[in-house]
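Hi,

Here is the structure I said I would pass on. Have a look at it first, and then read my notes below.

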Amino acid sequence: MSVNTLDTQQQQTRSGQSQGTYQTIRSHNIELQIKTNTIIQQENSYPNVPQTRKSEKLLCSKCNIPVDSDISYELGKGSYVVIIILLALIITSFFAFLPCLLNNCKDVQHRCSKCTKLLGTKQFLFG
């Protein structure tokens, strides 16, 4: 007659959620572990839209993974408003095209570094 002992251990994650149940069955010199999986819902700690004008970790809706965004600068509404205001002031018309050269006066587009999908745009002056 063999003597079987059954031990059950709960694996905990840092947030305290159950990750799975391991059952250990011991019979003489043989030890067998069976893992029972449970579904874990992860909280999204990464935003879906850009919050800053710098590269940041965002959740890509196409890849469904958090990625570091690639950024590019493009002229937007705020840049054109500044150009029109500077052109209207005849004294500073020489500096009217300064927003075309400075990245701080342009909109910042965040793209996924894996699939290049547009994740969002942080606008100059209006957002």
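What follows is what I found, going from the whole chain to one helix and a surface patch.

Keep in mind that this is a predicted model. The chain has two helices and seven strands, and from the N terminus the order is β-β-β-β-β-α-α-β-β. Of its 127 residues, 21% count as buried. The chain exposes about 9500 Å², with carbon and sulfur atoms supplying 55% of that. As for contacts between residues at least 6 apart in sequence, 40% of them join residues at least 24 apart.

Helix 1 is where I spent my time. Its 12 residues should span 16 Å at 1.5 Å a residue, and the end C-alpha atoms are indeed 16 Å apart, so the two agree. Gly78, Ser79, Ile83 and Leu86 are the buried ones in this helix. They cover an arc of only 140° around the axis, so they sit on the same side of helix 1. That fits the usual geometry: an α-helix has 3.6 residues a turn, so residues three or four places apart point the same way. Part of the cover over these buried residues comes from helix 2 (98-101). Turned away from the buried side is a face with the exposed residues Lys77, Ile84 and Ala88.

Then there is Ile85, also in helix 1 (residues 77-88). Its relative accessible area is 49%, so Ile85 counts as partly exposed, the cut-off for exposed being over 50%. Together with Val81, Leu89, Leu125 and Phe126, Ile85 forms a nonpolar surface patch of about 470 Å² accessible area.

Cheers

Technical notes: Residues numbered from 1 in each chain as written. Predicted model: local features only at pLDDT ≥ 70, side-chain atom pairs only at ≥ 80, totals over all residues. Heavy atoms only, no water. Patch = residues over 30% accessible without salt bridge, like charges linked within 9 Å, V, L, I, M, F, W, Y side chains within 5 Å. Areas by Shrake-Rupley, 256 points an atom, 1.4 Å probe, with all protein chains shown as cover. Salt bridge = Lys/Arg side-chain N within 4 Å of Asp/Glu carboxyl O. Helix = DSSP H or I, 4+ residues; strand = E, 2+ residues; numbered from the N terminus. Buried < 20%, exposed > 50% of the residue type's maximum accessible area, 1.4 Å probe, protein only. Expected span 1.5 Å × (residues − 1). Arc of directions from axis to C-beta. Contact = heavy atoms within 4.5 Å.
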